[in-house]
Amino acid sequence: MSKIRIDPFYHQDSQSISYVVTDLASRQSAVIDPVLDFDISSGKITTDFADSIIEHLDKNGYELEWILETHAHCDHISAACYIKQLRGGNTGIGEHIVKVQHMFKRILNLDDNFHCNGDQFDHLFADEELIKLGHLDIQVMHTPGHTPACVSYLIEDAIFVGDVIASPDVGTVNLDFPNCSVTTLYQSIQKILTLPNSTRVFVGHNPPLNHAQNPMYETSIIAQKRTNKVVGGKVDLQEFVKLHQQQHNNASLPQLLLPAIQLNIRAGHLPPPEGEDNYFLKIPVNQW
């Protein structure tokens with residue numbers, strides 16, 4: 001009998017997937033990559049999706065221990081801050097988030113009040129670090145490439161990979177940040193593929209292809225090796241670079257990258273208000 005329960009939550013607007021992972025013995029839970037709703041045309045943030053995750057925790061009597069980010073996302077705003085305020089838990093992300101913070105502090109011309117040391121999060125994780133979820137171990141794996149700070153979380157026989165690798169019919173997710181490396185992405189994917197073939201792989205993103213109405217959450221190491229259209233079949237680095245570039249040749253930057261990153265490098269917190277409850281996001285011009 002499995003020691004963990006995994007509940008996926010699909011966010012339709014961003015085609016991203018949040019997970020609630022629970023140690024059944026202790027009923028301690030971790031929320032991975034939670035999402036806030038954001039309407040870019042009006043600048044309005046709402047909480048319906050995040051509230052559905054909180055409702056799930058409450059309905060099942062789960063205690064929230066961790067709110068884990070696989071990386072600073074560019075396609076949605078993190079609900080980590082919102083959920084922490086309502087249900088507690090510790091926020092965590094890979095220690096290389098400081099590189100992303102430095103990068104976007106320069107691009108966004110943030111003032112000295114923004115600290116590039118990761119102190120917006122409760123914990124910064126090192127590669128191969130072990131943390132506890134109830135009675136279970138979570139192993140943190142640094143898997144950069146999509147961003148410099150990406151991590152994956154290995155819990156029992158399941159790994160949560162964020163946007164490092166997609167479902168086999170999708171292949172890979174585009175590299176959206178400045179100075180990202182397709183070579184580094186390949187190396188991170190190879191690192192993940194060294195796990196046992198039976199390891200379950202839970203992807204963090206599912207673009208609208210033929211299973212948009214029934215999104216695929218779970219795959220496996222053996223399925224990735226055999227059928228991933230970009231990295232399967234023992235593809236070497238040269239072929240991977242070629243296939244990845246072909247797949248994403250006409251890709252544009254995510255619509256929410258610039259507004260979302262300003263909250264996500266702050267663990268989901270809004271920038272400091274200007275006046276009473278007046279919050280603003282920056283849009284840099286000709287900085288990309």
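Strand E6 (residues 63-68) and strand E8 (residues 90-94) make a good place to start in this predicted model: the two run parallel and are joined by 3 bridges. If you look along this pair, you will find Trp66 standing opposite Asn90 in E8. Strands of a sheet pair through backbone hydrogen bonds, in either a parallel or an antiparallel way.

Stepping back, E6 and E8 belong to an open sheet of 6 strands, whose order is E1-E2-E3-E6-E8-E9 and whose pairing is mixed. At its edges lie strand E1 (4-11) and strand E9 (123-125), each of which pairs on one side only. As you move across the sheet, the twist averages 25° from one strand to the next.

Now bring in a helix. Helix H2 (residues 80-87) lies across strand E3 (28-32), E6 and E8. Relative to E6, helix H2 runs at about 160°.

From here, follow E6 to residue 68, which falls within its range of 63-68. Leu68 touches Ala30, Val31, Ile32, Asp33 and Pro34, along with Gly92, Phe125, Ile131, Ile138 and Tyr153, leaving aside residues up to four places away in sequence. Leu68 also brings us to the largest nonpolar core, which has 45 residues; Leu68, Phe160 and Phe240 are those with the most contacts inside it. Helix H4 (residues 182-193) supplies the largest share of this core, 6 residues.

One more stop is worth making. A second core, separate from the one just described, has 21 residues, and among them are Phe49, Ile53, Ile54 and Ala79.

Key
Residues numbered from 1 in each chain as written. Predicted model: local features only at pLDDT ≥ 70, side-chain atom pairs only at ≥ 80, totals over all residues. Heavy atoms only, no water. Core = buried A, V, L, I, M, F, W, Y, C linked by side-chain atoms within 4.5 Å. Buried < 20%, exposed > 50% of the residue type's maximum accessible area, 1.4 Å probe, protein only. Helix = DSSP H or I, 4+ residues; strand = E, 2+ residues; numbered from the N terminus. Contact = heavy atoms within 4.5 Å. Pairing = 2+ DSSP bridges. Axes fitted to C-alpha atoms, helices over the stretch in contact; angles between N-to-C directions.
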